[in-house]
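This report describes a set of helices, their packing and selected residues. Please consult the sequence and the model shown here while reading.

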Amino acid sequence: AHAEANANTQVDLVQFEREKIKGAIRTDFILSAEIIVISLGTVAAASLQSKIGVLVSISILMTVGVYGLVAAIVKLDDLGLALLPKGGLAASLGRGLLAFAPWLMKALSVLGTLAMFLVGGGILTHGLPPLYAWLQSVAAQGGAVGLLLPVAVDGLFGLICGALIVGGVSAVAKLRK
């Protein structure tokens, strides 16, 4: 998509980048909220001081580790471009990075979306005690069904709720126009 935007003179590249950044921020916000909810659920019985310590630690790890890694991945194509003029092995590495970066971004986009559905659905099913208890009993039985059915149910819940939210947001956006 980036190469197509560069080739099209009618595309405002600044606006194109802003839209990409807005999407990334929205995704990061959702993932961060999911991680905070999971973290708080894990330390629910702990003291307030422990909860604060866990949240501060996770915030630092996420900021430095996860978002640092994300920044490096986003800049991968820039590194490839910077290596091209150097010639030789560096230019070959640059071409390899330029070929690899779009594939990596697409794969991460699909995997990230799947992870959001699974984690979000898991949060929702965890909040429904009868369903959660049943899923835990299925998981305890082991085997392929015990492994896959809870994941599938979490994913389905996440997908349905995600679709409802997107539909609601789209409807509100249409009404506002």
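Gly142, with a positive phi near 75 degrees, follows α6; helices here are DSSP runs of H or I of at least four residues, numbered from the N terminus. The model is predicted, so that local features need pLDDT of at least 70 and side-chain atom pairs count only at pLDDT 80 or more, while totals for chains, interfaces and linings use all residues. Residues are numbered from 1 along each chain as its sequence is written, and side-chain values use heavy atoms, with hydrogens and water left out.

**Helix lengths**

The expected span of a helix is taken as 1.5 Å times one less than its number of residues. The table sets this expectation beside the separation of the end C-alpha atoms for two helices.

| Helix | Number of residues | Expected span | End C-alpha separation |
|---|---|---|---|
| α6 (residues 129–140) | 12 residues | 16 Å | 16 Å |
| α2 | 30 residues | 44 Å | 43 Å |

For α6 the separation agrees with the expected span, and agreement is likewise found for α2.

**Packing of α2 and α3**

Helix α2 (residues 13–42) packs against helix α3 (residues 48–74) at an angle of about 145 degrees, and their axes lie 11 Å apart. Axes are lines fitted to C-alpha atoms, for helices over the stretch in contact, and angles run from 0 to 180 degrees between N-to-C directions. The crossing of α2 past α3 is right-handed, that is, the near helix is turned clockwise from the far one by less than a right angle. On the α2 side the contact (heavy atoms within 4.5 Å) is formed by Asp28, Ser32, Ile35, Ile36, Ser39 and Leu40, and on the α3 side by Val54, Leu55, Ile58, Met62 and Tyr67. By class, these residues are eight nonpolar, two polar and one charged. In that count Ala, Val, Leu, Ile, Met, Phe, Trp, Tyr, Cys and Pro are nonpolar, Asp, Glu, Lys and Arg are charged, and the others, Gly among them, are polar.

Within α2, the residues Gly23, Ser32, Glu34 and Ser39 are buried, where buried means under 20% relative accessible area, exposed over 50% and partly exposed in between, with a 1.4 Å probe and protein chains only. The cover over the buried residues of α2 includes α3 and α5.

**The largest nonpolar core**

The largest nonpolar core has six residues: Ile73, Leu76, Leu83, Leu97, Ala101 and Leu104. Such a core is a set of buried Ala, Val, Leu, Ile, Met, Phe, Trp, Tyr and Cys residues joined through side-chain atoms within 4.5 Å. Two or more residues each come from α4 (76–83) and α5 (88–126), and α5 gives the largest share, three residues.

Ile73 lies in helix α3. Its C-alpha atom is 7.8 Å from that of Ala101, 28 residues away along the chain. Beyond four places in sequence, Ile73 is in contact with Leu104, Met105 and Leu108. Leu97, on the same basis, touches Leu76, Leu79, Gly80 and Leu83.

**Two partly exposed residues**

Leu118 belongs to helix α5 and counts as partly exposed because its relative accessibility is 27%. Neighbours within four places in sequence aside, Leu118 touches Val151, Asp154 and Gly155. Val172 is in helix α7 (residues 143–176) and, at 46% relative accessibility, is partly exposed. The C-alpha atoms of Val172 and Ser92, 80 residues apart along the chain, are separated by 49 Å, and those of Leu118 and Ile38, 80 residues apart along the chain, by 12 Å.
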